[in-house]
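Hi everyone, thanks for coming. Let me put the chain up on the screen, and then I'll walk you through a few parts of it.

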Amino acid sequence: MIAPPLLVSYSSLNEYLEALGPELSDQYKTEITQLFEKRLPIVVSFRCLSVLFGFSTNFVYKLAQQNWKFYRTFTIRKGKKKRTIHAPKVALKVIQKWLGYHLPEALSFGNYVYGFVPGRSAIDAANIHTNARWVYSVDIENFFPTTTKEVIKESLKSVGYSFEAADLIANICCYKDTLAQGAPSSPVISNLVLKELDKQLKTIADSNQIRFTRYADDIVFSGIDKFPTEIKDQISDLFKETCWKLSPEKEYFAESPMRLKVHGLLVHGEKARLTKGYRNRIRAYKHLLNAGKIRNEDLGRIAGHVKYAESVVKAQKPGLCPDITHS
């Protein structure tokens, strides 16, 4: 689904203001203009959003106030665990897609944020941690269902939305009262709500002269000197002031000469690289693909693995790592 333009079907801001009529235009013109100048999605009220998308005001009100009625809920398996997905239905998805596309274009995130930022990837994040002596990572436990509507509203207000607008956007992006896992608006919202926490984590990293990245809810630190054990308590204390908790099961620490991994890639070298086991897996996938032995329902997943592996190798300097098809 392609995201609608910033003004959806209107060719200019004046055309949209005229479509609102004198009453709404007079009431919201200043607010709308300010959002437009910042290139932020123009959300100010139920009535104005309904005009922008051509929906009835009553329908937009229901989308926001009874959002759980406009999702299809199912579970998927991720490793040994199951994950609940709330997939929005078409009308809600159109608005969420619009928000998810235009918010990242209007906002900026620190150069330590690699998830859901155009031009950045998990491979880029792993490459920040190369030549490390140690790696320490933590993961936010149940991030989506613990990210509350109130936290989202405060984050939206911090970038220029009014209370009314922030409340409306938060409702549209939530499943009931928490961030919807499966909504196209959730990636950018996740970066937005973590923005202040990111700055504090970066301060911890800088004060200890170590490296820091975040990819989605995966937070990674590394260094080339001795591991500063005090950062565990510093990070833990920081999270006590938030709505989130760290997952004890996903805490990871490795120190050379052990294998050091970031996002599944080895980083004890000049470039992040695939593990031997994953390279062997990719060779097997390629053999099965060439032999036409992959079921149609598995083609996308297998092709995705192969494409990812090739992108890792492409990011390396020539001769640094053996080709995945021959090593």
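So, before anything else: this is a predicted model. Let's start with charge. The chain carries 47 positive and 33 negative charges, and the mean positions of those two groups lie 9 Å apart.

Now the overall picture. We've got 13 helices and 10 strands here, and the C-alpha atoms fill a box of roughly 70 × 55 × 35 Å along the principal axes. The chain has 327 residues, and 46% of them count as buried. As for the surface, about 16900 Å² is exposed, with carbon and sulfur atoms supplying 51% of that.

Okay, let's zoom in on strand 7, residues 218–223. Why do we call strand 7 largely enclosed by the rest of the structure? Because 5 of its 6 residues are buried, and buried here means under 20% relative accessible area.

Who are the neighbours of strand 7? Strand 3, residues 134–139, runs antiparallel to strand 7, and 6 bridges join the two. In that pairing, W134 stands opposite G223. Then there's strand 6, residues 211–215, which also pairs with strand 7 in the antiparallel sense, over 5 bridges. There, R211 has S222 as its bridge partner. Strand 6 and strand 7 form a hairpin with 2 residues between the strands, and A216 takes a positive phi near 60 degrees in that hairpin.

Last stop: A303, which sits in helix 13, residues 296–314. Is A303 buried or partly exposed? It counts as partly exposed, because its relative accessibility is 38%. From A303 to Y285 is 18 residues in sequence, and 8.3 Å in space, C-alpha to C-alpha.

Note on methods. Residues numbered from 1 in each chain as written. Predicted model: local features only at pLDDT ≥ 70, side-chain atom pairs only at ≥ 80, totals over all residues. Heavy atoms only, no water. Helix = DSSP H or I, 4+ residues; strand = E, 2+ residues; numbered from the N terminus. Buried < 20%, exposed > 50% of the residue type's maximum accessible area, 1.4 Å probe, protein only. Areas by Shrake-Rupley, 256 points an atom, 1.4 Å probe, with all protein chains shown as cover. Lys, Arg positive; Asp, Glu negative; His and termini not counted. Charge placed at Lys NZ, Arg CZ, Asp CG, Glu CD. Pairing = 2+ DSSP bridges.
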